[in-house]
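Work through the exercises below with the model open beside you. Try each task before you read its solution.

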Amino acid sequence: MPSAAFADRPQKKLCLFDVDGTLSLARQSASPEMKAALRALRKKMVIGFVGGSDLVKITEQLQSGTENVLEEFDYAFAENGLTAYKLGKALPSQSFIEFVGEERYKHLVNFILHYIADMDIPIKRGTFIEFRKGMINVSPIGRNATIQERIEFETLDLKNGYRAGLVSALREKFSDYGLTFSIGGQISFDVFPTGWDKTFALGLVSDENFEEIHFFGDKTYKGGNDYEIYTDPRTIGHAVKNPEDTLRMLNEQFLKD
């Protein structure tokens, strides 16, 4: 049974949500309707988000006005849970660079930058590699792309497989690094130590012994960054198409009464 910290929740369940494509469109703010639904759900059960982005970016998408996003969710898992909070208090974190080591990291970065330099895509912007505490995020077009440029790249990527091609090359070249390459969002993919996917967050909630753990995500296919936690036997997975689909499922399954 969950601890006294969650004694006020009628249902002894945890509902976890991916962020991009699930609670909001990629790098955009969650709608007022979504935020209202989450507040209503939190009165019934424990809720949390588990996203691949860093906490600053997730905060921009989920925070309501001047409220602290860490106070609006019971669990906050950024970078797949490698930056984690429970009821606003920080939990132990992990470091990507300590796992990989500076010398091996340099070889990895050099290979990625050379590969992207040779990619023939219509436009390139800036920030092709974003270094985070628990992972790196790689974007062939660059994370500085506008929202419209992101949409256009995603369409081309689905047709031409830019990200899938680079991921395949990295898996072959760095097979001895113990890394996982996970495509997510519209323009990028994450690189992190194997086992540091979103299931990492599940280990941080195990002490509460929830009766059920539900997970909502849009990239639930094999190779997507929601796949591991969606298929994990500890969770009940819900695959969504977009935030509107998430809202529909929440209203149908959890917010009827």
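The exercises cover sheets, a helix pair, a cavity and pockets in this predicted model.

**Exercise 1. The seven-stranded sheet**

Task: Give the strand order of the open sheet of 7 strands and find its edge strands.

Solution:
- Step 1. Read across the sheet: the order is β5-β4-β3-β2-β1-β10-β11. The pairing is mixed.
- Step 2. Look for strands that pair on one side only. These edge strands are β5 (89-90) and β11 (236-239).
- Step 3. Check the β11 edge. Strand β10 (residues 212-217) pairs with β11 in the parallel sense, over 4 bridges. To locate the pairing, start at His-214: its bridge partner in β11 is Ile-236.
- Step 4. Add the helix. α10 packs on this sheet and touches β1 (13-17), β10 and β11. The direction of α10 makes about 135° with that of β11.

**Exercise 2. The helix pair**

Task: Describe how α1 and α10 pack, then list the residues that meet.

Solution:
- Step 1. Set the geometry. Helix α1 (residues 32-42) and helix α10 (residues 243-253) pack at an angle of about 30°. Their axes are 10 Å apart.
- Step 2. Assign the hand: α1 passes α10 in a left-handed crossing.
- Step 3. List the contact. α1 brings Glu-33, Met-34, Ala-37 and Leu-41. α10 brings Pro-243, Thr-246, Leu-247 and Leu-250.
- Step 4. Sort by class. The contact has 6 nonpolar residues, 1 polar and 1 charged.

**Exercise 3. The four-stranded sheet**

Task: Order the 4 strands of the antiparallel open sheet and explain what happens at its edges.

Solution:
- Step 1. The order is β6-β7-β9-β8.
- Step 2. β6 (129-131) and β8 stand at the edges. Each has a single partner strand, so one side of each lacks a neighbour in the sheet.
- Step 3. Take the twist. On average, neighbouring strands here are turned by 20° against each other, direction ignored.
- Step 4. Zoom in on one pair. β6 and strand β7 (residues 136-138) run antiparallel and are joined by 3 bridges. Glu-130 has Asn-137 in β7 as its bridge partner.

**Exercise 4. The cavity**

Task: Count the cavities of 30 Å³ or more and describe the lining of the largest cavity.

Solution:
- Step 1. The count is 1.
- Step 2. The volume of the largest cavity is about 260 Å³.
- Step 3. It is lined by 28 residues. Closest to its centre are Asp-20, Ser-53, Gly-184, Gly-185 and Asn-225.
- Step 4. Find the elements that give two or more lining residues: α2 (55-62), β8 (179-184) and β9 (188-193).
- Step 5. Sort the lining by class: 6 nonpolar, 11 polar and 11 charged residues.

**Exercise 5. Two pockets**

Task: For the largest and the second largest pocket, find the volume and the helix that gives the most to the lining.

Solution:
- Step 1. The largest pocket has a volume of about 400 Å³. Among its 23 lining residues, Glu-154, Arg-163, Gly-185, Gln-186 and Lys-219 lie nearest its centre.
- Step 2. α6 (147-160) and α7 (162-173) each supply at least two lining residues. α6 gives the most, with 5 residues.
- Step 3. By class, this lining holds 10 nonpolar, 6 polar and 7 charged residues.
- Step 4. The second largest pocket has a volume of about 150 Å³. α1 gives the most to its lining, with 4 residues.
- Step 5. Its lining residues include Lys-35, Arg-39, Glu-72 and Phe-73. By class, the lining divides into 5 nonpolar, 1 polar and 4 charged.

Notes. Residues numbered from 1 in each chain as written. Predicted model: local features only at pLDDT ≥ 70, side-chain atom pairs only at ≥ 80, totals over all residues. Heavy atoms only, no water. 1 Å grid on protein atoms, 1.4 Å probe; cavity = no way out; pocket = protein on both sides within 12 Å on 5 of 7 lines; lining within 4 Å. Points joined across faces, edges and corners; volume = space filled by probe spheres on them. Nonpolar A, V, L, I, M, F, W, Y, C, P; charged D, E, K, R; others polar. Axes fitted to C-alpha atoms, helices over the stretch in contact; angles between N-to-C directions. Left-handed = near helix turned anticlockwise from the far one by under 90°. Contact = heavy atoms within 4.5 Å. Pairing = 2+ DSSP bridges.
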